[in-house]
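Welcome, and please open your viewer. We will go from stop to stop, selecting a few residues at a time and looking at what is there.

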Amino acid sequence: MAGAAGGGKGPRVPAPPKRPKAEPKAAQQGRQRRPASRPTDALPTTPHSVPPSGRSNAAARTMLRRLVQGEAPPTQAMSIVERLAGSPYANPMMHVGGPDASARKALDFALNLAETMFRYGAGALEVETSIIAVTAAFGLENIEVDITNQSVVLNYSAKDQTPTTVLRVVRSWTNNYAGLTAIHRLVSDIAGGGVSRIEAAQRLDEITHRPKPFPRWMVTAAFGIFAAAIVAFVGGTPLGSLIGFVSCILVDLVGRKLGEWRVPEFFAVATCSVLVTLIAMMFWWMQVPIAPALVVVGGILLLLPTGRLVSATQDAINGFPVTAAGRFLSAVLIFAALVAGIAVALVAGNALGIPPLEVLESSGSQYPWPVVAVLTFIAVAMICIAEQTDVKLVIPTSLVAVAGYLLLISATAAGVGYRLAPALAAILIGALSRVVALRLGAPQLVVAVPAVLFLYPGLTIFRSMYMLTLDSEVVNDGALGLFNALTVVLAIAAGVVLGDNLARPFTRRLSSDERQRNRRR
C-alpha cells in the first residue's frame, strides 16, 4: 500500500523525510494540550487523522480496545466544567488567555451573583452552575465551589500561586422572580462570551437596585384574588370566595407589618394562621352559609413554603444534601407554625363558645371544568404577581398550570389515585416549565413554582391539622392524614424535578439558541 501511494517507487517512499515538516504541527498540538488544568480539557477532543492505509486497522484496534478495557478510572475526579452538562450554560465560552488581571475581583463578582440568586429563591444547582460558567468565562480555571443552605465558599488555586478562599453568607430573602430571570440572562450573556467583568458587575448592580415589576398594593390585591379563586376551585360558594378575599388581604397586611418588626418567620406564619382560621370561625359562628374549612384553604396555600419545598427536593436529588436538609427543616417549621396557629385559633374559639367546625372532605368545585380551568389560570397569574415574576412570564406560566390541571382531571377520571394524579400533573408542569423558561430566557423554577401551587392538598392539610388539635380519639386520624398530605406534597415537588430532567434531552437546542441570541445582543 505504501508503494502504491508513492507511485511505485518502493524503497524511496519512507515517511521519515516528511516528518520534519509534520513535527511543528504535532508540537503545536502538544503545546495546546499541555496545560491539563484548562477547562477545555474536560470537553471531547477531535481524534487525530489516520492515514487512509491504516483506517481499517485503527478501527479494529479501537473496537478491540473498547471491548477489553475497563470503565473510565473510577477514582478520577470529575472536571468542574462537566457540572454544566444539562444546564442552560453547557459548553460556555471560556477565556483562554489566562485569568483576569485581578482574580479576586472576579471571585467577588461570583459571590455577589451567588448571594443575589439565593436571596431571590434559586436552587443550589442553579447557583453552582452559574458560578462555574461565570468563572470559566473570566479565565478562572482551578475553581472549587461549596454551597450550603446559607453560605457559598469559593476556592481559587492557580498553579504555583497561593490559593484564595472567599466566603459569603446569605442572611435575607425576598420575592423577586423578575430579578432571578434577569440574572439568568446575565449569566447566559457572560457564558456566551459577550460581557466583560466590569460590564457584568454594572449589570448585576443594576438588577439588585431595579424596582420590582409590581407595586405593593397590587401584590396585596393578588393575594386576595388568589384566595377567592382557590376557594371556588376547591368547592366554595361565591360568598366563601368573598370572605377568603377579605381575610387573605388582611393576612398579607399583618404579615407585612410583622416583617417590618423583624418577627421570626415561625411566629409570623403562626399569627397569620390564627387570623385566617379565626375569621372563618367567626363567620361560622354568625351562621353565615359558608364552609369554613374551604375559606381557610386559600390562606393555608399562601402560607405553605411551596418554593422552598421544590428547591429542597431539587437540591436533594441533585446532590446537595446539606442545603436540602436545611430547607426541609425550615419547611417543617412552617408546617409546625401552621399547626400551632390553628390550635391557638381553636382554643380561642372554644373560649368564645364557637361550635366545632365542619371539616368534611369537599366533593370538588361546583363549577364545570372549563370554569375551573379559568379559575386556575387566574389563581396562578395572581401568584406570579405575588412572587414578582417578570411581566412577560405571567401568561405563559398560567397556561402551563392550565395544562397541568387538564392532565389532573383526566388522570382522576381514569381512576388514578389521589397521590399519583397530582404527581403526574407535576411532571407535565415541570417539563413544560423548562421549555417555556428556556424560550423566554428564565430559569425553570420561576415558571414551575407558581404553576404547581394549585396541586397542593390545602384542604387535606387543614383537616389533618384541625384533627391534631381535637380530642385524642381523632389525633391518630389527623396524623395519618397529615402524613398522606405530606406524601402528596413531596410527590408533587419530586414530579416537578423529574419533569425538568425528562425535558433536558429535548431542550438542548433551546439552550444553545438562547445563548446565541444573547451573544448577538
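The tour below visits helices first and then single residues and rings.

This is a predicted model, in which local features need pLDDT of at least 70 and side-chain atom pairs count only at pLDDT 80 or more, while totals for chains, interfaces and linings use all residues. Residues are numbered from 1 along each chain as its sequence is written, and side-chain values use heavy atoms, with hydrogens and water left out. Helices here are DSSP runs (H or I, at least four residues), numbered from the N terminus.

**Stop 1: helix H18**

Select residues 458-468, which make up helix H18. Nine of these eleven residues are buried, so H18 is largely enclosed by the rest of the structure. Buried means under 20% relative accessible area, exposed means over 50%, and partly exposed is in between (1.4 Å probe, protein chains only). Among the buried residues of H18 are Gly-458, Leu-459, Phe-462, Arg-463 and Tyr-466. Now which helices do the buried residues of H18 pack against? Show H10 (265-285), H11 (292-303), H13 (321-352) and H19 (475-503) to see them. Contact, here and below, means heavy atoms within 4.5 Å.

**Stop 2: helices H4 and H5**

Next, select residues 103-119 for H4 and residues 124-137 for H5. These helices pack at an angle of about 160 degrees, with their axes 10 Å apart. Axes are lines fitted to C-alpha atoms, for helices over the stretch in contact, and angles run from 0 to 180 degrees between N-to-C directions. H4 and H5 are therefore roughly antiparallel to each other. Angles under 35 degrees count as roughly parallel, over 145 as roughly antiparallel, 65 to 115 as roughly perpendicular and the rest as oblique. To see the contact, show side chains including Phe-109, Leu-113 and Met-117 of H4 and Val-127, Ile-131 and Val-134 of H5.

**Stop 3: helices H12 and H19**

Keep H19 on screen and add H12, residues 306-317. Their axes are 9 Å apart and meet at an angle of about 60 degrees, so H12 and H19 are oblique to each other. Residues making the contact include Leu-309, Val-310 and Ile-317 of H12, and Leu-490, Ala-493 and Val-497 of H19.

**Stop 4: Leu-303**

Select Leu-303, which is in helix H11. Is Leu-303 buried or exposed? With a relative accessible area of 16%, Leu-303 is buried. Leaving aside neighbours within four places in sequence, Leu-303 is in contact with Val-269, Cys-272, Ser-273, Ile-334 and Leu-338. For a step across the sequence, add Asp-252: Leu-303 and Asp-252 are 51 residues apart in sequence, and 9.9 Å apart in space, C-alpha to C-alpha.

**Stop 5: aromatic rings**

The whole structure has four aromatic pairs. Rings of Phe, Tyr and Trp (its six-membered ring) pair if their centres lie within 6.5 Å; planes under 30 degrees apart count as stacked, over 60 as edge-to-face and the rest as tilted. Select Phe-233 and Tyr-405: their ring centres are 6.0 Å apart and their planes are at 65 degrees, so the pair is edge-to-face. Phe-233 lies in H8 (residues 216-233) and Tyr-405 in H15 (residues 391-413), so the pair ties together parts that are 172 residues apart in sequence. Both Phe-233 and Tyr-405 are buried. Finally, add Phe-454, which forms one aromatic cluster with Phe-233 and Tyr-405.

How values were computed. Helices (H or I, at least four residues) and strands (E, at least two) are DSSP runs, numbered from the N terminus.
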